[in-house]
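User: Could you take me through how the sheet and the nonpolar cores of this protein are put together?

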Amino acid sequence: MRILLTNDDGIHAEGLASLERIARTLSDDVWVVAPEQDQSGYAHSLSISEPLRLRKIGEKHYAVRGTPTDCVIMGTKKILPGPPDLILSGVNSGANIADDVTYSGTVAGAMEGALLGVRSIAVSQAYSYVGEDRVVPYETTETLAPALLKRLVETPLPDGVLLNVNFPNCAPDEVEGTVVTSQGKLVHSLWVDERRDGRGLPYYWLRFGREPVEGKRGTDLYALRNRLVSVTPLQLDLTAHELRDQLTKALS
């Protein structure tokens, strides 16, 4: 099995090294094509207004100055000797659940794989802060992902479907199990934080503001808050099929 790895945290991210160790439990034909720099929040964007720069950094390891989507396209269309059998995207530093999947470059890497007809799985690890330091328990993903991925790889999937897997913020032996979930809903908004540089000129940061929310049972939010691994099947078809008849009648 030929496996292509990518992420959105960048080629030197600790989570990508973790994912490679996981992938090597499944196959010895593992290729890494990841962004040169952090591309978190770039979602399913393409670099079409500037060239892509490719840098080989080791055997079967390449960095692309572009987005996760660019990396998957470059890997499948240019770098690998043939199409991959599996695309793994991650391990992301932080969960990608609920509304966040629409912003996530990690999920987008798997989304592009699904568009190309390759079985694709996004993998993310929830974390916490100790003081000002982010603490990401990658050992939870590394311990539990190999067996889980083997089962997911063997499970038939329809065209246009990818899997979004999130591991809870706890030690491996504290995980309560694995559940199949639906995408939850966060209560959050973005605001613009204005600051001043050394010359007094304004610059801006987009910042998240979130309210506490209790995820409904069966959602990815609920799973992670209850120390469960969440496996969410996502589909590329965004059509609101239940509204088609209603809109047809309204326009007739």
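The questions and answers below concern a predicted model.

User: Which strands stand at the edges of the open sheet?

Analyst: The open sheet has nine strands with mixed pairing, in the order E3-E4-E2-E1-E5-E6-E9-E13-E10. Each edge strand has a single partner strand, so one side of it is left without a neighbour in the sheet. The strands in that position are E3 (54–58) and E10 (177–180).

User: In which sense do E5 and E6 pair, parallel or antiparallel?

Analyst: Strands of a sheet pair through backbone hydrogen bonds, and either sense is possible. Here Leu 86 stands opposite Arg 119 in E6. E5 and E6 pair over six bridges, and the sense is parallel.

User: Which element supplies the largest share of the largest nonpolar core?

Analyst: This core has 30 residues, and those with the most contacts inside it include Leu 88, Ile 121, Leu 149 and Leu 152. Among the elements that each supply at least two residues of the core are strand E1 (2–6), strand E5 (86–93), strand E6 (119–125) and helix H4 (138–153). The largest share, five residues, comes from H4.

User: How many residues does the other core have?

Analyst: Leu 5, one of the residues with the most contacts inside the largest core, touches Trp 31 and Val 33, among others. Trp 31 and Val 33 are nevertheless listed, with Val 72 and Ile 87, in another core that lies apart from the largest one. The number of residues in that other core is 12.

User: At about what angle does helix H2 run to E2?

Analyst: Helix H2 (residues 68–79) lies across several strands, including E1, E2 and strand E4 (61–64). Its direction relative to E2 is about 140 degrees.

Definitions and conventions:
Residues numbered from 1 in each chain as written. Predicted model: local features only at pLDDT ≥ 70, side-chain atom pairs only at ≥ 80, totals over all residues. Heavy atoms only, no water. Core = buried A, V, L, I, M, F, W, Y, C linked by side-chain atoms within 4.5 Å. Buried < 20%, exposed > 50% of the residue type's maximum accessible area, 1.4 Å probe, protein only. Helix = DSSP H or I, 4+ residues; strand = E, 2+ residues; numbered from the N terminus. Contact = heavy atoms within 4.5 Å. Pairing = 2+ DSSP bridges. Axes fitted to C-alpha atoms, helices over the stretch in contact; angles between N-to-C directions. Lists of a residue's contacts leave out its neighbours within four places in sequence.
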